[in-house]
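Please open the structure in your viewer and keep the sequence panel beside it, because each stop on this tour begins with something to select. Take the stops in order, and turn the view as you go.

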Amino acid sequence: MVESANKQAKRKDDGMQLDERKMKILQAIVANYLETGEPVGSRTISKFTDLNLSSATIRNEMADLEELGYIIQPHTSAGRIPTDAGYRVYVDKVMKEKEEEKENIKQNLLERVDRVENLLKQVAKVLAYNTNYATLVSAPQYKNKKIKFIQLSIIDDTQLLAVIMVDNNVIKNQILDLTTPLENEEVLKLNLLLNSFLQGQSLEDINIEMITTMKEQAGMHRDLLEQIFNGVVEAVHAADELEIYTSGTTNILKYPELGDISKTSEILEAIEEKKVLTDLIDETLSHDESHGIQVYIGDEAPVSNMKDLSIVTATYELEEGAKGTIGIIGPKRMDYKKVVTTLQNLTEELDVIFKKGK
């Protein structure tokens, strides 16, 4: 028993130390065997990998892998098949690559969120400077927000970290309390279970039957699954919170007809208190016209404190149905032709920028 454990430990260490050539050959053997169920020969491997090695060189490497205990030759004239140790090295390697890939995706998404946010803030400032009016830009909103991925990680024996990302690149971190410690393989199985069922799904897609099936497969961890579901709901609701960037608010003071202090105070408050702009944005996004160009004059405005103003809004598109609003707020005598043309050109430019960034 001790000798067997020592061999397993040695193989694990060897697996970590296999050079790139041996690792690629082992991966090719396991992958090919998983696909065909037939022993794998050197000629097959020479076509399967990108090493451009001769069959003789591959045979030598396979002999080393066999000596290390990662593959065996079931018959004298047959190719090789993986051992349990070979499967273990393959699975560990694949899982490591998947974790790295997922981390890279997460990092890229976070960087993209920062880029989009900074771009939209800059758009609001430049637009206010060029028009001498007040401006607003809303962050993109998604309909039926979908779950992008869920990642569980062990913090210690008593806690688990759940990272949940949904559309709009909103990330929800949730600390889950554990009644009993979890092994790494248990966490791996839970990650696979959660993402197999929930990745790409919206809350509307998740039904009782799906939840029941997941709980059955989770077995003794069904209560933990319930906590994770709660975190998913919170993450989706957090993604619904609308972010609005404004600029040029004081430009309103430049127009004499808006010089009444009481009225101006109400207008400035309405623009700065961004929550009251939500109705305006919802109104704009509800229209299906090209880029949603809308002009609200006086009483037509859906914001009560802006009845002495004109508001021109337009819709820009990100991807996957994500849309946002750009608005210009000024006096009723604003230069409508210039404003409408500016918004049309700007939204078209943003569409191009966002599509290039995909």
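**First stop: Thr347**

Select Thr347 together with Gln344, and you will find that the side chain of Thr347 reaches the backbone oxygen of Gln344 at 3.0 Å. Thr347 sits in helix α11, and with a relative accessibility of 0% Thr347 counts as buried. Please keep in mind, here and at every later stop, that this is a predicted model.

**The whole chain**

Now zoom out and colour the protein chain by secondary structure, which comes to 11 helices and 10 strands. Of the 358 residues in the protein chain, 42% are buried. If you show the surface, the protein chain exposes about 19,900 Å², of which carbon and sulfur atoms supply 48%. Among the contacts between residues at least 6 apart in sequence, 61% join residues at least 24 apart.

**The largest nonpolar core**

Which residues touch the most other members of the largest nonpolar core? Select Met306, Ile326, Ile329 and Leu343, which hold that place among the 39 residues of this core. Several elements each supply at least two residues of the core, including α5 (84-131), β3 (134-138), β7 (244-247), β10 (323-331) and α11 (336-356). In soluble globular proteins, nonpolar side chains tend to be buried together.

Centre the view on Met306 and show its neighbours: leaving aside residues up to four places away in sequence, Met306 touches Ala270, Ile271, Leu277, Gly298, Ala301, Ile311 and Ile329. Apart from the largest core lies another one, of 24 residues, and you can locate it by selecting Ile150, Leu160, Leu176 and Val232, which are among its members.

**Strand β3 and its two partners**

Select β3 next, where 5 of the 5 residues are buried, so the strand is largely enclosed by the rest of the structure. Show the side chains and look along the strand: Ala134, Leu136 and Ser138 point one way, while Thr135 and Val137 point the other way, and all of them are buried.

Add β10 to the selection, and you will see that β3 and β10 run antiparallel and are joined by 4 bridges, with Gly327 in β10 as the bridge partner of Leu136. Then add β7, which also pairs with β3 in the antiparallel sense over 4 bridges; here the bridge partner of Val137 is Tyr245.

Before leaving this region, select Asn132, which is placed in the loop between α5 and β3. Asn132 has a positive phi of about 65° although it is not a glycine, and with a relative accessible area of 34% Asn132 is partly exposed.

**Strand β8, with two faces**

Which residues of strand β8 (residues 294-297) form its covered face, and which its uncovered one? Gln294 and Tyr296 make up the covered face, whereas Val295 and Ile297 make up the uncovered one. Now bring in β9, which runs antiparallel to β8 and is joined to it by 4 bridges, and notice that Tyr296 stands opposite Ile311 in β9. You have already met Ile311 as one of the residues that Met306 touches.

**Helix α7, seen down its axis**

Select helix α7 (residues 208-218) and turn the view until you look down its axis; Met210, Met214, Lys215 and Ala218 are the buried residues to highlight. These four cover an arc of only 130° around the axis, which puts them on the same side of α7. An α-helix has 3.6 residues a turn, so residues three or four places apart point the same way. In a second colour, highlight Ile208, Glu209 and Glu216, which are exposed on the other side of α7.

Then look at the two ends of the helix. Asn207 caps the N-terminal end of α7, where a side-chain oxygen of Asn207 lies 3.3 Å from the backbone nitrogen of Glu209. Just after α7 comes Gly219, which takes a positive phi of about 60°.

**Last stop: Leu65**

Finally, select Leu65 in helix α4 (residues 55-68): is Leu65 buried or exposed? Leu65 is buried, because its relative accessible area is 0%. Residues up to four places away in sequence aside, Leu65 touches Leu18, Lys22, Ile25, Leu26, Tyr70 and Ile71. Of these, Leu26 is 39 residues from Leu65 in sequence, yet the two are 7.6 Å apart in space from C-alpha to C-alpha.

Notes: Residues numbered from 1 in each chain as written. Predicted model: local features only at pLDDT ≥ 70, side-chain atom pairs only at ≥ 80, totals over all residues. Heavy atoms only, no water. Buried < 20%, exposed > 50% of the residue type's maximum accessible area, 1.4 Å probe, protein only. Contact = heavy atoms within 4.5 Å. Areas by Shrake-Rupley, 256 points an atom, 1.4 Å probe, with all protein chains shown as cover. Core = buried A, V, L, I, M, F, W, Y, C linked by side-chain atoms within 4.5 Å. Arc of directions from axis to C-beta. Polar contact = N/O pair within 3.5 Å; in protein donor to acceptor, adjacent residues only side chain to side chain. Pairing = 2+ DSSP bridges.
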